[in-house]
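Please open the model in your viewer and keep the selection panel at hand. The tour proceeds from one selection to the next.

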Amino acid sequence: MEKLLDVENVSISFIQYTKGLNQRDLKVISDLTLDISEGEILAVLGSSGSGKSLLAHAIFGILPENANLNGNIKYKGKILSQEDKEELRGKDIVLVPQSVNFLDPLMKISDQAIGHVESDEEKKAKKQKQREIFEHYNLGPEVDDMYPFQLSGGMARRVLVSTALLSNPKLVVADEPTPGLDEKTVQETLNHFKHMKEDGIGVLLITHDIHAALEVADRIGIFYSGYVIEIALKDDFTGEGENLLHPYTKALFKALPANGFEIIKGHQPLHGEIPKGCPYYDRCEMRFDRCKEERPELLDLGKKKVRCFKYEEGVQDGT
Amino acid sequence: MELKATNISFKYPSAKKYLLKDINLELDNKKIIGLIGDSGSGKSTLCKILSGYVTKYEGSVTFDGQPLPKKGFKPVQLIYQHPEKVMNPKWKMKQVLEESWDVTDDALAEFGIQKSWLTRFPQELSGGELQRFSVLRSLNPNTKFLIADEMTTMLDAITQAQILDSVLKIVKKRKMGFLLVSHDMPLVETICDEKIYLKDINGV
C-alpha cells in the first residue's frame, strides 16, 4: 500500500490583536503528526472546538491569512507548497465538508457538482459522469435541478459525498461528516467511507464522534490540547482498553457509557494554559518527574504512535 | 412534582402535516426518563414546548398543576446541544453565569470550572468548557425540572461523564426532575430508569 499523505509536526497559530496594537500568537495546533495509506481510513478524534478542522484547511491550503503554518504536509512523499495544494485540491485530494452550508445556496446541485467547465463537450462529459455517480448514491435525476435548501439531511450528505468522488480522488478528507444526522443516515454515511476504502481511496476522517471513528477507521489518532498524543489501532479499543497506550486514551475509552462511564478529573488545557512539559501532566496517573519539565515527542512504534516517556524503552506486552 | 403534557399537537405554520400529534406525557422527579427519536422527528420541538419556549401549540403543559409561567424565571429549564448559541458573545463568562444566579464557589468546583475562565469571552473557551457553564447556569435554585436535549453529543466521553455526573448529583440532591434526550443508546441505558420512544407516543 502506497503512502498517500504524511503530516509531520504541523503546528498552526494565529496572530490576534489583544488590546490596541498589541498582538499575540495563539497556538491552536501544536504538533500534529499522522499518515494515511491507500485504502486506509484514519480518524482524527478530538473534542469540538479543539481546532482539528484546521488540519483539513491546512491540507487544502485554505487557512485564513493571519494563520501561521509550520511543519510539512507531504503527498506521495513530496512536500506540498501552496501552489501544489491548489493544483491537487478538487482533483487528487478532495474535501467532504461538514454541511450543505458549504454549497452555493443559489446554484442548482448538478451545476455546482460539475463546477467550472471550458466547453460544451466537457460539460456534457462531466454531466454524464455526475449523473452516474449520483445514481450510484441513489440520487435521482430530480436532484440535479434542486437547490441546496431542498435537500434533506441524508440527501445533502449523499450530494456532498458523490460530488467529492467526481474527480476520482486518491484521498478524501471528511470534516465532521456525522453530527446532526439520525442513526440511519450516520450509518449510510459511514458506509460510503467503507466503500471508498474498498476502492483503494485513503480517507482522513476528522471527527469528535468516537462511535463513528470506531465503526469505520483502521487507525485512530487522538488529539489532545493541540497535540496528537496517540495513534492507535482500532482493535486496541477493546476489552478494558489494555492495548491502548496513552493514559488519556485509556481514560477516554473507559468513560464511554458502555465501558463503565468512569470519570477522571480535570479538563484539557486550553490555548495558553498548556503546561511546559507533557500536555497531560496534570491529569496523568503514571507521570514521572521529567514529564513536568520536558515535553515528550511522538514515539514511532510502527503503525502505532504514542507521545509518552513511559514507552521510550518500547512497549512490553500487556502494559 | 409533576410535569404534565396533555394532548400536545404541533405543526409549523407553513406545513400541512402535524409534526407532533396528541402527545401525552407525565414526568416526575422520581425517575429519570430518556427520550429517544430520529433527527427531524420533533424531539427538540417537544422539549421546547415542555420548557415553555414554544407557546403556539395545541394542548396544555402544566407544572404541578399550574400552566408554565409566561414571565419571570421558568421552573423547567432546557439545555441545548450547542452552548455557543445560547450565550451573548459580548459578555464575559462571569456575566453569562450571573444572568441566572449567584453561583457558589462549590458549584464552580463541582463543575470543574476554573476561576480564570470567568473573565473570558465565550469564543475563548472550547465546547466542553462552555457546556459546563451552560449547565451550571441552568441550575438556578428555582429550577425544578431540567431537560437535556442532546446536551453532551458534541463532547468527548470524559467531559460527558464529568458533566452528567455533576448534574445528576445536583438533580438528586435538590430532588429535581430530569429528562434526557439522546440518540446514544448506551448512554440512555446507563443513566435513565425508563425509556420513551417518541414514535410510540406521537400520533402522527
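Two strands count as a pair if DSSP finds at least two bridges between them. In general, strands of a sheet pair through backbone hydrogen bonds, in either the parallel or the antiparallel sense. The model on display is a predicted one.

**The sheet.** Begin with chain B and select its strands E6, E7, E8, E3 and E9, which in that order form an open sheet of five strands with parallel pairing. Which strands stand at the edges? Select residues 76–79 and 194–197 of chain B: these are strands E6 and E9, and each has a single partner strand, so one side of each is left without a neighbour in the sheet. From one strand to the next, the twist averages 20°.

**One pair of strands.** Keep E6(B) and add residues 145–149 of chain B, which are strand E7. Four bridges join E6(B) and E7(B) in the parallel sense. To view one of these partnerships, select B:Val76 together with its bridge partner in E7(B), B:Phe145.

**A helix on the sheet.** Next, select residues 43–51 of chain B, helix H1, which packs on the sheet. Helix H1 touches strands E3 (33–36), E6, E7 and E8 (177–181) of chain B, and its direction makes about 150° with that of E6(B).

**The contact between chains.** Finally, display chain A as well; the contact takes 24 residues from chain A and 23 residues from chain B. On the side of chain B that touches chain A, helices H4 (127–138), H5 (157–173) and H6 (185–191) each supply at least two residues. The largest share, six residues, comes from H5(B). What kinds of residues make up this side of chain B? Eight are nonpolar, ten polar and five charged.

Notes
Residues numbered from 1 in each chain as written. Chains lettered and ligands numbered in written order. Predicted model: local features only at pLDDT ≥ 70, side-chain atom pairs only at ≥ 80, totals over all residues. Axes fitted to C-alpha atoms, helices over the stretch in contact; angles between N-to-C directions. Contact = placed C-beta atoms within 7 Å. Nonpolar A, V, L, I, M, F, W, Y, C, P; charged D, E, K, R; others polar.
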